[in-house]
Amino acid sequence: MNEFEKYNGRATFFMLGQNVPYFPDVVKDVYKRGHEVATHSYTHDMGIAATGTFSAEQVSAELYDTCDEIYKLTGYEPKYFRPPYGAINDKVLNECGMDIIKWDIDTLDWRSHNPTEMTNIIVENAKVGYVVVLMHDIHNETVDGVRQSLAQLNAMGYQF
């Protein structure tokens, strides 16, 4: 969050519901500082849509149990859902009353763990307009990638 704020920018944090009770101060801080808090499902299970094995009721629980956890801490009801693995099926479309967000640039941070590679991917694919960059805040290297990317993009005139 600090890196975005350094450049007067904000980010959207798609949170897993199962993690919200373990990190309540993080959730509250993200919201309080003006960043978008959104849902990424409760468990990140492939059954939500990637394999399609979850029932409609299970899909709904994955979406809205996360929203409930976030609401309990912030009083804010998330408007956006990023499906695990970017997978969408009819159950997700039918159950989801939120905007579904995918990404324009996948940094592959989960695979490379290399900040320079992440930065290169972002800078090479950056364009003017609304662009969603996929990164995972659970990796320390990703924080370094954010730091490098924002510095380079800021020098190129981008806003966040």
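Me: Among contacts in the protein between residues at least 6 apart in sequence, what percentage joins residues at least 24 apart?

Reply: This is a predicted model, in which local features need pLDDT of at least 70 and side-chain atom pairs count only at pLDDT 80 or more, while totals for chains, interfaces and linings use all residues. Residues are numbered from 1 along each chain as its sequence is written, and side-chain values use heavy atoms, with hydrogens and water left out. A contact means heavy atoms within 4.5 Å. Of the contacts between residues at least 6 apart in sequence, the part that joins residues at least 24 apart is 68%.

Me: In what pattern do the helices and strands follow along the sequence?

Reply: Helices (H or I, at least four residues) and strands (E, at least two) are DSSP runs, numbered from the N terminus. The protein has seven helices and six strands. Read along the sequence, they give the pattern α-β-α-β-α-β-α-β-β-α-α-β-α.

Me: What is the radius of gyration of the protein?

Reply: The radius is taken over C-alpha atoms, and the globule rule is 2.2 Å times the number of residues to the power 0.38. For 160 residues the rule gives 15 Å; the protein is close to this, so it is as compact as a globular protein of that length, with a radius of gyration of 16 Å.

Me: What percentage of the residues is buried?

Reply: Buried means under 20% relative accessible area, exposed over 50%, and partly exposed in between (1.4 Å probe, protein chains only). Of the 160 residues in the protein, the buried ones make up 37%.

Me: What percentage of the exposed area do carbon and sulfur atoms supply?

Reply: Accessible areas come from the Shrake-Rupley method with a 1.4 Å probe, and for residues only the protein chains shown count as cover. The protein exposes about 9,000 Å², and the part supplied by carbon and sulfur atoms is 48%.

Me: How many salt bridges does a search of the whole structure find?

Reply: A salt bridge is a side-chain nitrogen of Lys or Arg within 4 Å of a carboxyl oxygen of Asp or Glu. One of them joins Arg33 and Glu5, whose closest N and O atoms are 2.7 Å apart. In the whole structure, the number found is five.

Me: How many residues apart in sequence are the parts that Arg33 and Glu5 tie together?

Reply: Arg33 and Glu5 form a salt bridge. Arg33 is partly exposed at 22% relative accessible area, and Glu5 is partly exposed at 26%. Arg33 lies in the loop between helix H2 (24–32) and strand E2 (36–39), whereas Glu5 lies in helix H1 (residues 2–6), so the distance in sequence between the parts they tie together is 28 residues.

Me: Is Glu69, the salt-bridge partner of Lys72, buried or exposed?

Reply: The side chains of Lys72 and Glu69 meet at 3.4 Å, N to O. They are three residues apart in helix H3 (residues 56–74), separated by about one helical turn. Lys72 counts as exposed, at 62% relative accessibility. Glu69 has 18% relative accessibility and counts as buried.

Me: Which residue is linked in a network of salt bridges with Asp144 and Arg147?

Reply: Arg147 and Asp144 meet in a salt bridge of 2.8 Å, N to O. They are three residues apart in helix H7 (residues 140–155), about one helical turn. Arg147 is partly exposed at 36% relative accessible area, as is Asp144 at 32%. The network of salt bridges links these two with Glu3.

Me: Which residues is His136 in contact with, leaving aside its neighbours within four places in sequence?

Reply: His136 sits in the loop between strand E6 (133–134) and H7. Thr142 lies in helix H7, is buried at 2% relative accessibility, and has His136 among its own contacts. Leaving aside neighbours within four places in sequence, the contacts of His136 are Arg82, Asp109, Trp110 and Thr142.

Me: What is the phi of Ser41?

Reply: Most residues other than glycine have a negative phi. Ser41 lies in the loop between E2 and H3 and is buried, at 0% relative accessibility. The phi of Ser41 is positive, near 95°.

Me: What is the phi of Leu108?

Reply: Leu108 lies in the loop between strand E5 (105–106) and helix H5 (109–112). At 24% relative accessibility, Leu108 is partly exposed. Although not a glycine, Leu108 has a positive phi of about 55°.
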